[in-house]
Amino acid sequence: MTARASLVAIAVATMLGAAFAIPAARAERLIVSVSNHRVTVTPNYSGEELVLFGSVEKDASTPAGRTAYDLVVTVSGPLADMVTRRKERKFGIWINTDYRQFLQVPTYLAVFSNRPLEAVASPEVQRRQQLGLNNVLLTQRVGPDYADVVPNDAFRSAFVRLRSEHGLYREATSAVTFLTPTLFRTGIPLPAEVPIGTYNIEIKLFSGGALVTHTETAFDIVKVGFEQFVATNARQNGFVYGLFTVFMALMSGWMASIVFRKD
Amino acid sequence: MQIFLPIADIPVNIFLILAMGAAVGFVSGMFGIGGGFLMTPLLIFIGITPAVAVASVASHIAASSFSGAISYWRRRAIDPLLAAVLLTGGIIGTALGVWTFTELRALGQLDLMIALSYVALLTTVGGLMFWEGLRAMLRVRRGVAVSPRRSGSHGWIHGLPLKVRFKRSKIYLSVIPVVAVGVLIGFVGAVMGIGGGFILIPIMIYLLRVPTSTVIGTSMVLTLVTMLFATMLHAVTNHLVDAVLALILMVGGVTGAQFGARAGQKIRGEHLRLLLGLLILAVGIRFAVELAIRPDDLFTIREGDAG
């Protein structure tokens with residue numbers, strides 16, 4: 001977490017420094033907006049799709065020949081600790097044996113781009129900019145150390161695969177469409193079992209394999225009304241919630257015995 | 001119609017849950033059991049995590065056993081003293097069970113434990129019940145008179161101290177085995193998300209020799225109180241009780257139970273036991289097969305600490 005924050009800080013500092021040194025190279029500006037900044041989970045919520053719109057603003061200092069842009073949009077949901085377990089056959093049955101703990105990883109993670117990431121940037125840049133599911137930092141606790149591992153690590157790939165099966169992790173390298181050479185849009189599909197919280201969207205603009213500029217925006221997914229009320233109370237007032245459920249059970253049992261009374 | 005469950009955190013079809021509640025309610029009304037052993041696996045099957053399923057089914061069983069207990073109370077088919085002694089054990093067992101549940105959940109072995117206990121318990125009880133029902137049926141066919149309660153035959157249970165006279169059941173019995181049975185039922189109920197009626201009733205009839213007139217009513221009182229207690233404990237310690245899910249199950253369950261009870265009266269006792277035995281055995285075998293064959297996916301993810 002802190003390592004990541006300081007990395008971002010260094011990256012920002014470098015970029016600012018670079019911007020002051022050679023302003024011509026950082027001439028573009030990204031203007032983006034998401035179709036809904038507050039997604040509400042209601043009783044009949046069954047997933048929805050947000051739309052991210054944006055445009056690349058050029059100014060006088062933009063190199064005249066630069067027209068081809070690449071975009072990589074990374075949407076990451078609220079962070080949480082997760083455990084991945086592996087089953088093995090023991091005594092003739094399949095039981096959980098080994099496990100890895102993932103620390104403060106996004107519960108939702110989506111990477112969208114306008115063309116395959118290999119075409120957008122070199123592997124080195126992809127790794128540095130954390131482009132794509134294979135390059136996003138997923139910190140594991142390995143014994144006493146905290147580290148991410150190689151993308152083809154069994155636990156890491158199983159983790160990404162399982163999240164993908166639920167629509168919670170996704171990578172779509174043709175999801176960003178340029179409507180005009182500077183105007184773009186992409187859909188952000190949110191599955192039904194989407195985690196509640198703040199979602200950050202990071203938009204990175206590339207040209208000729210190098211990062212030109214980047215910007216961030218965010219949206220919130222909130223439970224409202226009844227769902228929120230129930231979830232909050234279950235967590236914070238467990239005792240009262242329990243009493244209420246008990247009361248509900250007794251009432252429905254009693255009602256049934258009256259409604260269906262035969263004598 | 002989809003509805004979002006606030007604790008299970010998934011959308012489900014409300015009519016599917018209602019239908020499941022009604023179907024299990026029908027079976028429970030027919031055999032005079034809570035039906036938790038069918039409900040919990042069904043909920044797990046539609047994608048609700050075992051932990052939430054177990055915790056929510058507890059309140060559903062409480063509702064159906066309360067409606068049952070009221071009608072048995074009107075018919076004076078409940079032995080209050082016997083129920084009280086069973087409850088003493090039941091409360092202790094439930095507390096132990098919820099504690100075990102929390103510990104196993106932290107260890108990541110909760111799902112395995114739930115599956116293993118289902119296999120062990122259901123195949124044993126189902127097998128015995130099926131066998132017993134089959135024998136009873138054959139005896140009836142051969143025209144041999146059957147006396148389920150062999151009066152005068154005293155087992156080791158009747159040699160235990162601390163004997164008490166249970167007036168309404170007309171038995172004179174030590175409280176030790178009664179409390180022990182209560183602990184057992186409370187424990188398995190809290191860990192497995194079942195009321196335990198399908199184990200309790202045979203134990204009461206064959207081991208404690210409680211007359212059939214008070215067996216079902218009294219066992220329902222035990223189920224009711226242990227399940228209420230389990231609901232409270234699960235709500236306070238694990239925050240896993242989904243009240244919305246529980247309410248839908250209750251509405252379906254209590255309705256189905258009424259029709260089940262009517263259907264049950266039309267079937268002969270030994271046929272009923274044979275059917276129930278088969279049903280329990282089938283659920284148990286299904287769990288066993290699931291453990292023995294290689295799972296589709298060897299990996300699972302859960303939020304939280306490894307513990």
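# Close-up views of a predicted two-chain model

**View 1. Helix α2 of chain B and its surroundings.** Helix α2 (residues 36–45) of chain B has eight of its ten residues buried, so the rest of the structure largely encloses it. The model shown in this and the following views is predicted. Counted as buried in α2(B) are B:Gly36, B:Phe37, B:Leu38 and B:Met39, followed by B:Thr40, B:Pro41, B:Leu42 and B:Leu43. Just after this helix comes B:Gly47, with a positive phi of about 105°.

**View 2. Chain B as a whole.** Ten helices and five strands make up the secondary structure of chain B. Chain B has 307 residues, of which 53% count as buried. When contacts in chain B with a separation of 6 or more are taken, 81% of them are between residues 24 or more positions apart.

**View 3. The crossing of helices α3 and α5 in chain B.** The axes of α3(B) and helix α5 (residues 110–142) of chain B cross at roughly 55° and come within 10 Å. That angle makes α3(B) oblique to α5(B). By class, the residues of this contact are five nonpolar, no polar and one charged. From α3(B) the contact includes B:Pro50, B:Ala51 and B:Val54, which meet B:Leu110, B:Asp111 and B:Ile114 in α5(B).

**View 4. The contact between chain A and chain B.** Chain B gives 47 residues to the contact and chain A gives 46 residues. On the side of chain B that touches chain A, two or more residues come from each of β1 (2–4), α3 (50–74), α8 (212–238), α9 (243–265), α10 (269–292) and β5 (299–303) of chain B. The residues on this side of chain B comprise 30 nonpolar, twelve polar and five charged. Helix α3 of chain B therefore appears in two views: it contributes to the side that touches chain A, and its axis crosses that of α5(B) at roughly 55°.

**View 5. Chain A as a whole, with its confidence.** Chain A contains six helices and 14 strands. Of its 263 residues, 28% count as buried. Contacts in chain A between residues at least 6 apart in sequence join residues at least 24 apart in 66% of cases. The average pLDDT of chain A is 81, and 89% of the residues score at least 70. In the stretch of residues 11–25 of chain A the pLDDT is below 50, and beyond near neighbours in sequence this stretch has four contacts in the model.

**View 6. The four-stranded sheet of chain A.** Strands in the order β1-β3-β12-β11 (chain A) form an open sheet of four with antiparallel pairing. At its edges stand β1 (29–34) and β11 (177–178) of chain A; each has a single partner strand, so one side of each is left without a neighbour in the sheet. Strand β11(A) pairs with β12 (residues 183–190) of chain A over two bridges, in the antiparallel sense. In this pairing, A:Phe178 stands opposite A:Phe184 of β12(A).

**View 7. The six-stranded sheet of chain A.** Another open sheet of chain A has six strands in the order β2-β14-β13-β4-β7-β10, and its pairing is mixed. The edge strands β2 (38–41) and β10 (169–172) of chain A each pair on one side only. From one strand to the next, the twist averages 15°. Strand β7 (residues 109–113) of chain A runs parallel to β10(A), joined to it by four bridges. A:Ala110 has A:Arg170 in β10(A) as its bridge partner.

**View 8. Two residues of chain A with positive phi.** Most residues other than glycine have a negative phi. A:Gln104 is not a glycine, yet its phi is positive, near 45°. The residue A:Gln104 lies in strand β6 (residues 93–106) of chain A. A:Gln130, also not a glycine, has a positive phi of about 55°. The place of A:Gln130 is the loop between α3 (123–128) and β8 (140–142) of chain A. Which of the two classes, buried or partly exposed, applies to A:Gln104? A:Gln104 has 15 other C-beta atoms within 10 Å and is therefore partly exposed, the buried class starting at 20. A:Gln130 has 20 other C-beta atoms within 10 Å, which means that A:Gln130 is buried.

Notes: Residues are numbered from 1 along each chain as its sequence is written. Chains are lettered from A and ligands numbered from 1 in the order in which they are written. This is a predicted model: local features need pLDDT of at least 70, side-chain atom pairs count only at pLDDT 80 or more; totals for chains, interfaces and linings use all residues. Two residues are in contact if their C-beta atoms, placed from the backbone, lie within 7 Å. Ala, Val, Leu, Ile, Met, Phe, Trp, Tyr, Cys and Pro count as nonpolar, Asp, Glu, Lys and Arg as charged, and the others, Gly among them, as polar. pLDDT is the predictor's confidence in each residue, from 0 to 100. Two strands pair if DSSP finds at least two bridges between them. Axes are lines fitted to C-alpha atoms, for helices over the stretch in contact, and angles run from 0 to 180 degrees between N-to-C directions. Angles under 35 degrees count as roughly parallel, over 145 as roughly antiparallel, 65 to 115 as roughly perpendicular and the rest as oblique. A residue is buried if 20 or more other C-beta atoms lie within 10 Å of its own, exposed if 12 or fewer, and partly exposed in between; C-beta atoms are placed from the backbone.
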